[in-house]
Amino acid sequence: MKSFDFVIVGSGLTGATMARMLADSGHRVLVVEQRDHLGGNVADALHSSGVRVGLYGPHYFRTSSEELWRFVNRFGRFHPFEAEVRSRVRGRLENWPVGAGYIRRTIGADWTPEFRGVPRNFEEAALSMMPRSIYEDFVKGYTEKQWGAPATMLSTALAGRFDVRADDDPRLTPTRKHQGVPVNGYTALVENMLAGIPYELTCDYLRMRTAFKARKALIFTGSIDAYYEFQFGALAYRAQKRSTDYHADADFVQPCVQINEPDPAVPHIRTLEWKHMLPEAARRRVRGTVLTRETPCSVQSRGDVPEYPFPDVANKALYQRYRALARQEPTTLICGRLGEYRYYDMDQAIARAQTRVRQLLEMQPWAAKQPSRLVPAGA
Ligand SMILES: Cc1cc2nc3c(=O)[nH]c(=O)nc-3n(C[C@H](O)[C@H](O)[C@H](O)COP(=O)(O)OP(=O)(O)OC[C@H]3O[C@@H](n4cnc5c(N)ncnc54)[C@H](O)[C@@H]3O)c2cc1C
C-alpha cells in the first residue's frame, strides 16, 4: 500500500492546484490519474502541423483576479488571446454574443424583452433578456442541441452565460482583465504545476482504492456518483463527439476561433479552428490549418467523457443525495467540476481549489478527535 499525507485523485486544474499548494506547504502528496496524460479536461496535444489542439474542447483562459493571474503565470507564460465567436444565421456569420448593430438591422432600435415576470425555465429566462427572433435564431436551436432537451425543461441558471450587447464589440468576454492561452499549452502548464510531485497515470483509483492510504485526507476530483458506485443512479452529463481534420492547403478556413451552428437541422454545434489560438509567430510557421467539429451527445457508457452537468431539477436533487453521503466522510473531500457536479470556468475551478486547501489546512480534520466535515461549503 502506498501511503501519503494526501492522495489526490485527478490531475485536472482542481487536483493540480491542490497538489501544488499542499506540496508547497510541506505535505507529501500523490496524484492518481486514470487517463494516460495529465491535465484533465484542459489537456491538449500538438498536431503534426504544429497546431495545438484541445483534446476535450477549446479553453480560453480569462480572469480579472490579479492573484489568480499571478498563480497561473508561475507555471507557464501566457500569450494574449481574446476569443471571438460567430454564429451562422441564415448563411451569414454574425457576432456572438449578439451585438447592437445586428439588433438595429433586423429589429430596429426599439425593442423590449418578450418575457416579463419571474422566469421558470431557461426559455423564459432567455426571453426576458432578448427579443424572440434573436432567441430563436441564435439561442434556442443551439441550446436544445447542446442539451438534447427542450429549452423549457432546462434551468434558468443557464441564461446567466448569455448576454445581449449594447455595442458591437466582437470579443466573447471583453470585460475580463487578463485573457490568454499558455504558450506551451495547458498540459505543459499542469505538468509544471506538478513539478516534483509524484503522480501515477492510467490508474483508476476506484478500481484500486485499497492500494493507496491517505494519512491526512483523500481528495477526489472525479464524479461523485462513480465514487459511491452509482448507488442512487447515474448523474446525467452531456458530452461531445469530436472530429478533427487537417486542411493542408488552407491558411485559415474561418475568420475566428469558433463558429456556432444554432440551426437545428445542422447536427454539429460548433467548429473550432485552433490556429487562431497560436501566438502570431507560431501561426506563421504552420502550414495548413486544423479544424474540429463538435456534436453533442449524452454520456452513455463508462468510457464516455462527462463534460457538462445536466442543468435540471432532477439531477440537482440526485447530486444532493450523493453530497449527503460525502458529508459523512470526515477526511474525504470530493470536489472539482465532477465532484461538485457543477460547471466551473478554469479560473473559478482554480480559485475554488485554493479555497479548499486553505480551509483544509486551517481545519486539519485529520488531527481532530471529532473530525469536522470537508464537504465544500455552498456546493
Ligand atoms: C467542452 C468544455 C469547454 C470548456 N471551455 C472552457 C473555457 O473556454 N474557459 C474556461 O475557463 N473553462 C472552460 N471549461 C471548464 C474547464 O474545463 C474546467 O474548469 C476544468 O477542466 C475543471 O477542472 P477539474 O480539475 O475540476 O476537472 P477535470 O479537468 O475534469 O479533472 C478531473 C480529473 O479526474 C480524473 N479522474 C476522474 N475519475 C478518476 C478516477 N476514478 N481515478 C483517477 N482519475 C480520475 C479525470 O480523468 C480528470 O483528469 C470548459 C469545459 C468544457 C466541458
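**Entry 1: helices and strands.** I started by counting elements, and the protein chain comes out with 11 helices and 17 strands. I note here that I am working with a predicted model.

**Entry 2: overall size.** Next I looked up the dimensions. Along its principal axes, the C-alpha trace spans about 65 × 55 × 40 Å. I wanted to know what radius of gyration the protein chain has. I found 22 Å, and a compact globule of 379 residues would be near 21 Å, so the two agree.

**Entry 3: burial and contacts.** I checked how much of the chain is buried, and got 39% of the 379 residues. Then I turned to contacts with a separation of 6 or more: 76% of these in the protein chain come from residues 24 or more positions apart.

**Entry 4: strand S1 and its partners.** Which strands does S1 pair with? I found S11, residues 212-220, running parallel to S1, residues 2-9, with seven bridges joining them. In that pairing I see Ile 8 opposite Ile 219. I also found S2, residues 29-32, paired with S1 in the parallel sense over four bridges. There, Phe 6 stands opposite Val 29 of S2. I followed the chain from S1 to S2: the path goes through helix H1, residues 13-24, and this β-α-β crossover is right-handed.

**Entry 5: around the ligand.** Which residues come nearest to the ligand? I counted 35 residues around the ligand, and Gly 10, Gly 12, Gly 40, Gly 222 and Gly 336 come nearest. I then sorted the shell by residue type and got 15 nonpolar, 13 polar and seven charged. Helices take part too: H1, H10 (336-339) and H11 (346-363) each give the shell at least two residues. I had already met H1 as the helix on the way from S1 to S2.

**Entry 6: a look at Thr 271.** I picked out Thr 271, which has its place in strand S14, residues 270-273. Why does Thr 271 count as partly exposed? I found 19 C-beta neighbours inside 10 Å, and a residue needs 20 or more to be buried, while 12 or fewer would make it exposed. So Thr 271 falls in between, as partly exposed. I set aside the neighbours within four places in sequence and listed the contacts of Thr 271: Gln 254, Ile 259, Leu 291, Thr 292 and Arg 293. Last, I looked up Ala 226, which is 45 residues from Thr 271 in sequence, and their C-alpha atoms are 31 Å apart in space.

Notes: Residues are numbered from 1 along each chain as its sequence is written. This is a predicted model: local features need pLDDT of at least 70, side-chain atom pairs count only at pLDDT 80 or more; totals for chains, interfaces and linings use all residues. Two strands pair if DSSP finds at least two bridges between them. A crossover is right-handed if, with the strands pointing away from the viewer, the path from the first strand over the helix to the second runs clockwise. The radius of gyration is taken over C-alpha atoms; the globule rule is 2.2 Å times the number of residues to the power 0.38. Two residues are in contact if their C-beta atoms, placed from the backbone, lie within 7 Å. A residue is near a molecule or strand if its C-beta atom, placed from the backbone, lies within 6 Å of it. Ala, Val, Leu, Ile, Met, Phe, Trp, Tyr, Cys and Pro count as nonpolar, Asp, Glu, Lys and Arg as charged, and the others, Gly among them, as polar.
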